[in-house]
Each structure stands twice: as structure tokens, then as C-alpha cells.
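Please open the model in a viewer and keep the sequence panel visible. The tour below proceeds from the whole chain to single residues, with a selection suggested at each stop.

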Amino acid sequence: MRLDGVLGQRPALQRLSAELAAGRLAHAYLFVGPAGVGRGSTARALFLALNCRQRDRETPCGQCDSCHRFLAGTHEDFIELAPPDDAASAQIKVEAVRQVIHTLGFAPFAGGVRLVLIRSAGHLNPSSANALLKTLEEPPPDNILVLTVQDPRELLPTLVSRCRKVTFSPLPDETVRGELVRRGVDPEAARLRAAAAGGSLGRALKLDEDELGRRLEWINAALGRGGGPAEDWAFAEELVGTFRGARIDRQGLAQALDLMALVFRDQAVSAAGRPEMRLMAGQSPDEDLELAAERFALVRRAQERILGNAAPELAVAVLMDDLRRAGTRRRF
Ligand SMILES: [Zn+2]
């Protein structure tokens, strides 16, 4: 049986399908990749494929008792653990982990394979991570654990080394746009949302256009004012603050800068005489192609620094200064 029903992510799905067909699945997986690109959906597809009663079919049937109960959200052998909310400081508590470990002491109730999905595993606090160590090394038979993270550095190396790693990539904008349209989003709005979502269908679905508009205004205001080091630092602290909790959400912060990159990308295509390629309506075209292209590159470089290990406030403050300097150089 192969995995089915997940958008994009061919290499990951092919690999897992091959392991499934050969009976060589690991007992613990680490699904690595950005939020909203299909890591959780893949874990669900894996559970369906493992437990479908019609295993001779190429894909899960969706009809048998097992498929039916899973799709209705009532299959007792699929367990999901996640931090209570999206806040960077949210934790997966040790009590919840102990409860799962206790359940794993029983054979899967439906006689198939139990799958435990631990979403945002970087939110395991130290006690939770410790409690999980032994189980992760050797879960009882017929149990598979899947942990999702954006970056393996979020986890203790001792946890990472006990899991087989599968990498998930950002989805192409075109794939996200197509899926939004399929779900009834207006094609123009879908184009903007896809471009602002950084390859994450999950994020694109959550983005609302009013919020995009507000963030865009905020960024434009920050870029428009004269400013200096103090203002740059204040802007950086405000922006970074929304992504700071127990640890900094570097992916989220880098993606927030995508919107800024979009502004410059739009200015560049307008200046290049291709206004039909603009993603945002109501933007005044910038006449200077080189300036827009340079600023776009500056945003991308800052995103790389943030995803590396740069101090995030410093990276954002330096970016604001670089953007302003680029403009001054061109104007005089
Ligand atoms: Zn089935």
C-alpha cells in the first residue's frame, strides 16, 4: 500500500511508501520541515495505510471499519500530542507524555498499529523529553512514534539520534495557489496568499487578507519614516518580540519578512514593465528596478541570517538600516 492524500512532498512520500511496502518502517520518525507543508497529514496517511483492513489495495480504502473510524476522528490507536497553543512558550507537559507512555504499555486496541504523533516536538520541556527517551529508543511492538519539528536543533540530540529523519520541503507557490483555488478562494487573492505563505499551505489557509493588509501597512510605515538606529532597534524588538517565547521561532520570523520581500518583488516587476505580474493591488509602482531588486536581496540575506544563528533583533535592525541606505544611495 502506498501513502495517499498528501499534497506535494513526493520524495518523503515515496520513501515512506517504499519502507511500508518492504515492512521496514522505523519505530520512531522525525519529520523535519516548515509548519503547514504536510508533516501531520503524512503521519495520518501513514496511520491509514498501516491500519486499512483492505491491505491488498493500492491506497487506503476509506470504507473499512478502521478507515471509517479514523476519518471520523474516533480511532483510539491514533494519538496526537501537541503544545496547548501556538505560543512559542507553550510546553508539552510531562504528565501528557507519561499518559501516552502508559497507553503504549497496552497492545493497540484495534489489533493493528498504533501511531503517536507528537506535533511541534520542540515544545517538549526537559522533563517531557527525558520521559520520552527510553520509549523512543524501544517502543513496545506495533507502535510508531512520529515527532514533527521545523529544525532538528529544537530537540535534544539524544532524541534526534533515536529517530529516522524524513525531510519535508516548502511547497511551490503554484501548488499552494492551486489548492486554495480548489477550496474556493478567489484566484487573485489566492496568488497573494500563496506568495505570502512561504510554501506553507497551512499558513496560506490561515492568512486573512485584512491581516495581510495591516502587516503590509505596518512594514510600509517602518520603511517610509526617516528613522535611525533607535527607531530601527525599536521596530526590530517589536517584530522579534512576537516570535519570542521559551525559544525564538526563527522560521516564523523569517516568514514574516516574506511580506517585506513581496513589496520589493512587486516594485521590481512594476519597474521592469510587468505590472501584470504584481501580486498586490494598490501599490504605487517604484520606478527604480535596481533599488527594488537590491532591497529584495537584502531581505533574503536577513532571512538567511535569522535562519542561521544571528541575533534576530540585530539582523532585523541591520536590515532596516541597509534598506534605508540603499534608498539614500540611489536618490543622491
Ligand atoms: Zn480501509
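The domain bounds used on this tour come from an automatic or database domain assignment. The model itself is predicted. That assignment gives domain 1 (10-167) and domain 2 (210-331). Colour the two ranges separately; the centres of domain 1 and domain 2, taken over C-alpha atoms, are separated by 37 Å.

**Stop 1: the whole chain**

Display the chain as a cartoon. It contains 14 helices and five strands. Along the principal axes, its C-alpha atoms fill a box of roughly 75 × 40 × 30 Å. Of the 332 residues, 40% count as buried. Where contacts link residues at least 6 apart in sequence, 71% of them join residues at least 24 apart.

**Stop 2: the sheet**

Next, select the strands. They form an open sheet of five strands in the order β2-β3-β4-β1-β5, with parallel pairing. Which strands stand at the edges? They are β2 (78-81) and β5, each with a single partner strand, so one side of each lacks a neighbour in the sheet. On average, and with direction ignored, neighbouring strands here are turned by 20° against each other.

**Stop 3: strand β1**

Select residues 28-32, which make up strand β1. On one flank, five bridges join β1 to strand β4 (residues 143-149), and the two run parallel. Four bridges join β1 to strand β5 (residues 164-167), again in a parallel arrangement.

Individual pairs can be picked out by showing side chains. Tyr-29 stands opposite Val-146 in β4. Leu-30 has a counterpart in each adjoining strand: Leu-147 in β4 and Lys-165 in β5.

In a regular strand, side chains alternate between the two faces of the sheet. Are the faces of β1 buried or exposed? Ala-28, Leu-30 and Val-32 lie on one side, Tyr-29 and Phe-31 lie on the other, and all of these residues are buried. The strand is accordingly described as mostly covered, with five of its five residues buried.

**Stop 4: the nonpolar core**

In soluble globular proteins, nonpolar side chains tend to be buried together. In this model, the largest nonpolar core has 84 residues, and those with the most contacts inside it are Leu-46 and Val-316. Helix α12 (residues 250-271) gives the most to this core, with 11 residues. The core also draws at least three residues from each of domain 1 (10-167) and domain 2 (210-331).

Centre the view on Val-316. Apart from its neighbours within four places in sequence, Val-316 is in contact with Ala-236, Leu-239, Val-240 and Ala-302.

**Stop 5: helices α12 and α13**

Select α12 together with helix α13 (residues 289-307); their axes come within 8 Å and cross at roughly 170°. Angles over 145 degrees count as roughly antiparallel, which makes α12 roughly antiparallel to α13.

Now show the side chains at the contact. On α12, the residues involved include Leu-253, Leu-257, Met-260 and Phe-264. Those on α13 include Leu-289, Phe-296, Val-299 and Ile-306. Arginines also take part, among them Arg-250 and Arg-265 of α12 and Arg-295 and Arg-300 of α13. Ala-302 of α13 belongs to this contact, and Ala-302 is also in contact with Val-316.

**Stop 6: Arg-44**

Move to helix α2 (residues 39-51), where Arg-44 is found. Why does Arg-44 count as buried? A residue is buried if 20 or more other C-beta atoms lie within 10 Å of its own, and Arg-44 has 20. For a distance check, select Leu-117 as well: the C-alpha atoms of Arg-44 and Leu-117 are separated by 8.5 Å, although the two are 73 residues apart along the chain.

**Stop 7: two backbone angles**

Most residues other than glycine have a negative phi. Two residues are worth selecting in this regard.

- Gln-9, in the segment before α1 (10-21), is not a glycine yet has a positive phi of about 60°. Gln-9 is buried, with 23 other C-beta atoms within 10 Å.
- Asp-142, in the loop between α5 (126-137) and β4, has a positive phi of about 65° and is likewise not a glycine. Asp-142 is partly exposed, with 16 other C-beta atoms within 10 Å.

How values were computed. Residues numbered from 1 in each chain as written. Predicted model: local features only at pLDDT ≥ 70, side-chain atom pairs only at ≥ 80, totals over all residues. Buried ≥ 20, exposed ≤ 12 C-beta atoms within 10 Å, placed from the backbone. Pairing = 2+ DSSP bridges. Core = buried A, V, L, I, M, F, W, Y, C linked by C-beta atoms within 7 Å. Contact = placed C-beta atoms within 7 Å. Axes fitted to C-alpha atoms, helices over the stretch in contact; angles between N-to-C directions. Parallel < 35°, antiparallel > 145°, perpendicular 65-115°, else oblique.
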